[in-house]
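Good morning, everyone. Please take a moment with the sequence and the model before I begin, and keep both in view while I talk.

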Amino acid sequence: MTAAILLQAQGGGLGMIVPMVLIMVVFYFFMIRPQVRKAKEHKKMIGDLKKGDKVVTTAGIHGRIVDMNETTFLLEVEGGTKIRFDKTAVSLDATKAAQPKA
């Protein structure tokens with residue numbers, strides 16, 4: 001009887017670790033990895049922006065880039081109004097999104 005209890009106690013530790021490791025692996029492949037890939041693509045998209053590109057900000061403002069510096073850009077919206085935004089506020093490059101894919 002004592003031997004059976006000891007065997008169950010030893011096997012219980014491994015039986016708890018395996019499901020936890022599997023949960024972590026699944027979490028990595030379904031949550032973390034896609035998010036990192038998306039962040040890299042967004043950073044590349046922001047790096048490729050240039051004057052004259054049409055963009056959409058995270059606030060939903062549509063406009064054309066008039067001026068850029070290291071961390072911000074000047075966006076011209078309807079009626080000639082110009083607004084300065086941080087580069088990270090860009091959510092979509094409307095110039096490339098409007099072009100049909102070949």
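I will go through the core, the aromatic pairs, the nonpolar surface and then the salt bridges, and please bear in mind throughout that this is a predicted model.

Let me start with the interior. The largest nonpolar core has eleven residues in all, and these are Met45, Ile46, Leu49, Val55, Ile65, Phe73, Leu75, Val77, Phe85, Ala89 and Val90. Helix 1 and strand 3 each supply at least two residues of this core. If we take Ala89 as one member of the core, and set aside its neighbours within four places in sequence, we find Ala89 in contact with Val56, Thr57 and Thr58.

Next, the aromatic rings, where the count comes to two pairs. Tyr28 and Phe29 meet edge-to-face, with 5.2 Å from centre to centre and 80° between the planes. Tyr28 has a relative accessible area of 39%, so it is partly exposed, and Phe29, at 45%, also counts as partly exposed. In the other pair, Phe73 and Phe85 are stacked, at 6.2 Å centre to centre with 25° between the planes. That pair links distant parts of the chain, since Phe73 sits in strand 3 (residues 72-76) and Phe85 in strand 4 (residues 82-86), twelve residues apart. Both Phe73 and Phe85 are buried, and both belong to the core I described a moment ago.

Now to the outside, where Tyr28 and Phe29 come up again as part of a nonpolar surface patch of about 1,100 Å². The other residues that make this patch are Ile17, Val21, Val25, Val26, Phe27, Phe30, Met31, Ile32 and Val36. Ile17 is found in helix 1, residues 2-47, and with a relative accessible area of 51% it is exposed.

Finally, the salt bridges: the structure holds four, and I will discuss some of them. Asp48 and Lys44 meet through their side chains at 3.1 Å, N to O, with Asp48 partly exposed at 36% and Lys44 exposed at 56%. Lys50 forms a salt bridge with Asp53, the closest N and O atoms being 3.4 Å apart; here Lys50 is partly exposed at 47%, whereas Asp53 is buried at 5%. Lys51 and Asp67 are joined at 3.9 Å, N to O. Because Lys51 lies in the loop between helix 1 and strand 1 while Asp67 lies in strand 2 (residues 62-68), this pair ties together parts that are 16 residues apart in sequence.

How values were computed. Residues are numbered from 1 along each chain as its sequence is written. This is a predicted model: local features need pLDDT of at least 70, side-chain atom pairs count only at pLDDT 80 or more; totals for chains, interfaces and linings use all residues. Side-chain values use heavy atoms; hydrogens and water are left out. Rings of Phe, Tyr and Trp (its six-membered ring) pair if their centres lie within 6.5 Å; planes under 30 degrees apart count as stacked, over 60 as edge-to-face and the rest as tilted. Buried means under 20% relative accessible area, exposed over 50%, partly exposed in between (1.4 Å probe, protein chains only). Helices (H or I, at least four residues) and strands (E, at least two) are DSSP runs, numbered from the N terminus. Patches are made of residues with over 30% relative accessible area and no salt bridge: like charges are joined within 9 Å, nonpolar side chains (Val, Leu, Ile, Met, Phe, Trp, Tyr) within 5 Å. Accessible areas come from the Shrake-Rupley method with a 1.4 Å probe; for residues, only the protein chains shown count as cover. A nonpolar core is a set of buried Ala, Val, Leu, Ile, Met, Phe, Trp, Tyr and Cys residues joined through side-chain atoms within 4.5 Å. Contact means heavy atoms within 4.5 Å.
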